[in-house]
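User: I'm new to this structure. Could you walk me through it?

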Amino acid sequence: MNKKITTVLVLAASAGLAQAQTQTQTGISDDVVRIGVLTDMSGAYSGNVGPGSVLATKLAIEDFGGKVLGKPIEMLSADHLNKTDVAAGRAREWMDREKVDVVTELGNSAVALAVMNIAREKGRMTMVTGAGATRITGEDCSPNNVQWVYDTYALAKVGTLPLVEAGAKKWYFVTADYAFGHSLESDGMRFVKEGGGTVAGSVRYPFPGTDFASFLLSAQASKADAVGFASAGADLQNEIKQAREFGLADRQKLVAMLMSITDVHGVGLEAAPGHDLRRDLLLGHGRRDARLRAALFQSRQQDAH
């Protein structure tokens, strides 16, 4: 939770920076800095981002005193439904009609890539805080975008190499069939091979998913030492629970390469034993101000429910 707050503390500053570059010519937009939080409010990632990201953005604006360069900050939010056409349409509407200066969160790599292109075309900014495909800072890198928190390179390297070195040499991947899953799978395979391991195979499921039986049985039949889940959110939670039911954890190491505290609670202790997870370190973890912000976030989130 403190990661979410730390993430958005730079949002208003980013919007202010973008506008400060043109301030001498045109001033700050229409004298209002507008931040659009485009996130998953109802789907597979809503527990990881969604309402929490909207709340954290509000707290960040409060931290700034509600202004940047003396101009008021306003926030809009919308559900992208994990659909690129919905996200693109909303982003265009925000930029053309609502004069939004920066669109953030974008928790879905396909969504993030689509909105990044629109922002670049229109001279606006994006700040990706919830998507991790390496294309975001690789072949699709944009001077109008900032990526904050993690990417699949980091997640895959931490999630695979130590286990390969510890003896899990043969891997199989269960992958969400869209940009993020593809990227995490590709990076994971790369580091498994670089560490001296092998990849027995992979299977991709339509995102979002609910029934993972056939995909998990394929992973089980591979007799791989480790099964890597190139997925996140509710999909990951269901994969872990169903893998437990099919007995995969009895003979194979189950590896979540992106798992949040929300997912830990969603999976529950009964399904968790023997599972291996990897997670990025929280910026400022252990610092008093970070703990205070986390406590404030938790309190406000509880009030909202």
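Analyst: Here come some short questions and answers. This is a predicted model, where local features need pLDDT of at least 70 and side-chain atom pairs count only at pLDDT 80 or more, while totals for chains, interfaces and linings use all residues. Residues are numbered from 1 along each chain as its sequence is written, and side-chain values use heavy atoms, with hydrogens and water left out.

User: How many residues of strand β7 are buried?

Analyst: Strands are DSSP runs of E, at least two residues, and helices are runs of H or I, at least four, numbered from the N terminus. Buried means under 20% relative accessible area, with a 1.4 Å probe and protein chains only. β7 covers residues 170–176 and is mostly covered, the buried count being six of its seven residues.

User: Which residue in β8 stands opposite Ala 176?

Analyst: Strands pair if DSSP finds at least two bridges between them. β7 and β8 (residues 198–205) run parallel, joined by seven bridges. Opposite Ala 176 stands Tyr 205.

User: And which residue in β9 stands opposite Phe 173?

Analyst: β7 also pairs with β9 (residues 226–230), in the parallel sense, over five bridges. Facing Phe 173 in β9 is Gly 228.

User: Where does the largest nonpolar core lie?

Analyst: A nonpolar core is a set of buried Ala, Val, Leu, Ile, Met, Phe, Trp, Tyr and Cys residues joined through side-chain atoms within 4.5 Å. Of the 67 residues in the largest one, Trp 171, Val 174 and Phe 229 touch the most other members. Both domains, whose bounds come from an automatic or database assignment, give residues to this core, so it lies between domain 1 (33–147) and domain 2 (152–267).

Note on methods
Buried < 20%, exposed > 50% of the residue type's maximum accessible area, 1.4 Å probe, protein only.
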